[in-house]
Amino acid sequence: MNNTGRIALVTGANKGIGYEIARQLAQAGVSVLLGARDAERGQSAAEELASQGLDVSFIRIDVCDTGSIAAAAAEIDAGYGRLDILINNAGISEYTDGAPGKTSLEAVRRELETNFIGALAVTQAMLPLLRRAGAGRIVNMTSSLGSLTLNGDPSWPFYGVRLIGYNASKAALNMLTIQLNAELSDTGITAVSVCPGLVATDLSGHRGDRLPSEAAVFPVRMALLRGHDAKGVCLSEQGAIPW
Ligand SMILES: NC(=O)c1ccc[n+]([C@@H]2O[C@H](COP(=O)([O-])OP(=O)(O)OC[C@H]3O[C@@H](n4cnc5c(N)ncnc54)[C@H](OP(=O)(O)O)[C@@H]3O)[C@@H](O)[C@H]2O)c1
């Protein structure tokens, strides 16, 4: 499929899965805006990819700072006039998060602010640009830890992972996917939640042996889908994840 001319924004793309999503989207022919909250880290990540001949440029965007989000939207508008693909990837997991009885409320607030409100704020700001693309695509990087169904299933292998803030933030992000599809049903824009699996990154404390480069393949495939395939669902490489 020819993706030349398509523009993508990936938030939190200076490292981890987001960086690999940026790389693989660019390898597929998409012009990628590599979003990062830290200018130095973002610039150096974008330069690294650009030095490999990829069409990647840095854009500063802190998903918790509405000023930086508005500035990023204005910059994309001025440079391209539209946005074809938005990957809400920026995310955090706080080590002081835990079970409801003992979690840090501050950690929960930060997780909700970044993982849910951040994605909502970025989506809101980018919607006018996505509308102009005609068939915009939104990929929300979720986790199976956000599944209400699985959290209530004692036979689920991750049943014991009680991170009330992180899990709730991803459940809320999934709600964003569902409501976006309802709100945008008369447009060409579709949204999907995608879980990359357990990936060895800073966020996971480098648990597991799945590399970011492997984990990025499926979200990139979902981002490049056109039309109304795979919308309003939560997916992993293994198939659908229940809400
Ligand atoms: N790793 C896993 O096992 C796993 C599993 C399921 C889902 N996920 C999801 O996948 C996504 C990527 O995670 P990852 O594992 O690649 O984590 P990571 O390596 O820790 O990368 C997280 C990225 O998000 C950025 N970020 C954090 N807060 C931000 C903010 N306010 N504004 C802009 N960027 C911000 C970080 O920037 P800085 O470098 O500036 O901190 C970093 O670029 C997250 O949404 C995560 O929840 C990961």
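Helices (H or I, at least four residues) and strands (E, at least two) are DSSP runs, numbered from the N terminus. With that in hand, Lys231 can be placed in the loop between α8 and β7. The model is a predicted one, in which local features need pLDDT of at least 70 and side-chain atom pairs count only at pLDDT 80 or more, while totals for chains, interfaces and linings use all residues. Residues are numbered from 1 along each chain as its sequence is written, and side-chain values use heavy atoms, with hydrogens and water left out.

Back to Lys231. This residue counts as partly exposed because its relative accessibility is 31% (buried means under 20% relative accessible area, exposed over 50%, and partly exposed in between, with a 1.4 Å probe and protein chains only). Leaving aside neighbours within four places in sequence, Lys231 is in contact (heavy atoms within 4.5 Å) with Arg137, Asn181, Thr190 and Ala191. For one of these partners, Asn181, there is also a backbone figure: the C-alpha atoms of Lys231 and Asn181 are separated by 7.2 Å, although the two are 50 residues apart along the chain.

Just before that loop in the story comes helix α8 (residues 217–224), which is mostly covered, with six of its eight residues buried. Those six are Phe218, Pro219, Val220, Met222, Ala223 and Leu224. What covers them? The cover includes α1, β4 (85–88), β5 (137–141), β6, α7 and β7 (234–236). Arg221 is found in helix α8 too, but at 47% relative accessibility it counts as partly exposed. Arg221 and Ala28 are 193 residues apart in sequence, yet 9.8 Å apart in space, C-alpha to C-alpha.

From the α1 side, the residue to look at is Gln24, which lies in helix α1 (residues 16–27). Gln24 is buried because its relative accessible area is 15%. Apart from its neighbours within four places in sequence, Gln24 is in contact with Ser213, Ala216, Val217 and Val220.

Now for the empty spaces. On a 1 Å grid over the protein atoms alone, a cavity is a set of points where a 1.4 Å probe fits but cannot get out, and a pocket is an open set with protein on both sides within 12 Å along at least five of seven lines; lining residues have an atom within 4 Å of a point. Grid points are joined across faces, edges and corners, and a volume is the space filled by probe spheres set on the points.

The largest pocket holds about 1300 Å³ of space. It is lined by 48 residues, and the closest to its centre are Gly91, Tyr166, Thr201, Leu203 and Ser204. Two elements, α1 and α6 (164–183), give two or more residues to this lining, and α1 gives the most, with three. By class, the lining of the largest pocket divides into 22 nonpolar, 18 polar and eight charged residues (Ala, Val, Leu, Ile, Met, Phe, Trp, Tyr, Cys and Pro count as nonpolar, Asp, Glu, Lys and Arg as charged, and the others, Gly among them, as polar).

As for cavities, the structure holds one of 30 Å³ or more, and the largest has a volume of about 40 Å³. Its lining is made up of Thr11, Val63, Asn88, Asn89, Ala90, Thr114, Asn115, Gly118 and Ala119. Helix α4 (residues 105–133) gives the most to this lining, with four residues. Three of the lining residues of the largest cavity are nonpolar, six are polar and none is charged.

Rings come next. A search of the whole structure finds one aromatic pair. In it, Trp156 and Phe158 meet edge-to-face, 5.7 Å centre to centre and with 65° between the planes (rings of Phe, Tyr and Trp, its six-membered ring, pair if their centres lie within 6.5 Å; planes under 30 degrees apart count as stacked, over 60 as edge-to-face and the rest as tilted). Trp156 counts as buried, at 10% relative accessibility, whereas Phe158 is partly exposed at 36%. In addition, the charged end of Arg162 sits over the ring of Tyr159, 4.8 Å from its centre (NZ of Lys or CZ of Arg within 6 Å of the ring centre and within 35 degrees of the ring normal).

One backbone oddity remains: His206 has a positive phi of about 55° although it is not a glycine. His206 is found in the loop between β6 (190–194) and α7 (212–215), and it is partly exposed, with a relative accessible area of 48%.
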